[in-house]
Amino acid sequence: MESLYDQDLAYIHAAGFGGLAQGAAPEIVRLLKSAAIPVRGIVDAGCGAGTLAARLVEAGFEVTGIDSSADLLAIARTAVPGARFVNASIYDADVPPCEAMVALGEPLTYHSEEADADSLVQSVFRRASGILPAGGMLIFDVIETGEPTLAGRAWASGEDWAVLVHTSEDQAARTLVRSIETFRRVGQLYRRGRAIHRIRVFDTGELAGALAACGFAVETAQAYGSQRLAPRRRAFFCTRR
Ligand SMILES: C[S@@+](CC[C@H](N)C(=O)[O-])C[C@H]1O[C@@H](n2cnc3c(N)ncnc32)[C@H](O)[C@@H]1O
């Protein structure tokens, strides 16, 4: 299984990129507490460093986090001892019985060059449909097609790390490639690392159609409550019929 977040990128993600999960957690908790059925078990797919899992455990849910990065899970296990964590890909993990599944921060968008991303994501919808009882919820977000282009350069830094990201976009192929360069202080020096993330961009209408065909009622938004999403991100709030 390919890990997209190895040691230093996992550290940087945990240190500097928890804002979306922190900001989205109150709305996700609110939705799950007011779902059509009592929600007890939640699968946090692509849970990363466990930021959302921590808020869900605090709210009284039983949480299973699934992530393909062993380094992010090591951080999550320390931060959230009350959750269970599984190191696996969403696409072949054993998903336990649950009343809700969440994939926050675009976990469904990462795909290798040779993967059939659309089929894989639809297989997640079918599995969720089979596992969730009527009234259960599937909540996730993706990057959608359209403008503005996401191509460009960006950087961020913290006390002992920095990250540079160069993104290229092929709108016709619906793909983004992020070339990521990391710098993390180790002793007196900075260790340099690299990662490439290949990202699938989705058509919102097509995803909504695929979800409806799997038995979900679908709403979408560009925010989780008061937490606005970045440009061209789309959150899906799906209820099993
Ligand atoms: C941008 S991070 C979001 C992490 C977390 N949900 C949050 O909002 O902070 C994307 C996460 O998805 C995970 N991921 C990507 N593809 C995955 C897959 N096929 N199976 C499991 N996890 C995956 C990555 O390892 C990473 O932790």
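Which residues is arginine 234 in contact with, leaving aside its neighbours within four places in sequence? In this predicted model, the answer is a group made up of Phe140, Asp141, Val142, Glu144, Thr204, Thr220, Ala221, Gln222 and Leu229. Arginine 234 belongs to strand β13. Although its side chain is that of an arginine, the residue is buried, with a relative accessible area of 17%; it counts as buried because that value is under 20%. Two polar contacts can be picked out for the side chain of arginine 234: one to the side chain of glutamate 144, at 3.0 Å, and one to the side chain of threonine 220, at 3.1 Å.

Strand β13 also takes part in the largest nonpolar core, as one of the elements that give two or more residues to it. This core has 31 residues, and the members that touch the most others are Ile28, Leu32, Leu56 and Tyr224. Besides β13 (233-240), the elements giving two or more residues are α2, α3, α4 (70-79), β4 and β5 (137-143). Helix α2 gives the most, with 7 residues. Tyrosine 224 offers a good place to look at the packing. Residues up to four places away in sequence aside, tyrosine 224 touches Leu20, Gly23, Ala24, Glu27 and Ile28, together with Leu104, Ile139, Phe140, Asp141, Leu229, Ala235 and Phe237. A second core, separate from this one, holds 28 residues, among them Val95, Ala103, Phe202 and Leu211. Such groupings fit a broader pattern: in soluble globular proteins, nonpolar side chains tend to be buried together.

Two helices show how buried residues meet their surroundings. Helix α3 spans residues 51-58, and Leu52, Ala53, Ala54 and Leu56 are buried in it. The cover over the buried residues of α3 includes helix α2 (19-33) and the strands β1 (41-45), β2 (62-67), β3 (84-87) and β4 (100-103). After α3 comes glycine 60, which has a positive phi, near 100°. In helix α1, which runs over residues 7-16, the buried residues are Asp8, Leu9, Ala10 and Ile12. They pack against helix α4 and the strands β7 (161-170), β8 (175-186) and β9 (189-200). For the spacing of residues along helices in general, an α-helix has 3.6 residues a turn, so residues three or four places apart point the same way.

Alanine 45 lies in strand β1. With a relative accessibility of 7%, alanine 45 counts as buried. Its contacts, without neighbours within four places in sequence, are Ile66, Ile90, Val102, Ala103, Leu104 and Pro107. Alanine 45 and glycine 60 are separated by 15 residues in sequence and by 18 Å in space, taken from C-alpha to C-alpha.

The ligand comes next. It is surrounded by 19 residues, and the closest are Gly46, Asp67, Ile90, Leu104 and Gly105. By character, the residues of this shell divide into 11 nonpolar, 7 polar and 1 charged. Where do polar atoms of the protein meet those of the ligand? In the side chain of aspartate 67, an N or O atom is 2.6 Å from an oxygen atom of the ligand. In the side chain of serine 89, an N or O atom is 3.2 Å from a nitrogen atom of the ligand. Leucine 104 takes part through its backbone, with an N or O atom 2.6 Å from a ligand nitrogen atom. On its own the ligand has 600 Å² of accessible area, and the protein covers 93% of it.

Some backbone features in the loops also deserve a look. Glutamate 147 and proline 148 are joined by a cis peptide bond, with omega at about -5°. Proline 148 sits in the loop between β5 and β6 (152-158). Arginine 174 is not a glycine, yet its phi is positive, about 55°. This residue is in the loop between β7 and β8, and at 23% relative accessibility arginine 174 counts as partly exposed. Arginine 232, likewise not a glycine, has a positive phi of about 65°. It is placed in the loop between β12 (227-228) and β13, and arginine 232 is buried, with a relative accessible area of 5%.

Methods:
Residues are numbered from 1 along each chain as its sequence is written. This is a predicted model: local features need pLDDT of at least 70, side-chain atom pairs count only at pLDDT 80 or more; totals for chains, interfaces and linings use all residues. Side-chain values use heavy atoms; hydrogens and water are left out. A residue is near a molecule or strand if one of its heavy atoms lies within 4 Å of it. A polar contact is a pair of N or O atoms within 3.5 Å; within protein, one must be able to donate a hydrogen and the other to accept it, and residues adjacent in sequence count only if both atoms are side-chain atoms. Accessible areas come from the Shrake-Rupley method with a 1.4 Å probe; for residues, only the protein chains shown count as cover. Ala, Val, Leu, Ile, Met, Phe, Trp, Tyr, Cys and Pro count as nonpolar, Asp, Glu, Lys and Arg as charged, and the others, Gly among them, as polar. Buried means under 20% relative accessible area, exposed over 50%, partly exposed in between (1.4 Å probe, protein chains only). Helices (H or I, at least four residues) and strands (E, at least two) are DSSP runs, numbered from the N terminus. Contact means heavy atoms within 4.5 Å. A nonpolar core is a set of buried Ala, Val, Leu, Ile, Met, Phe, Trp, Tyr and Cys residues joined through side-chain atoms within 4.5 Å.
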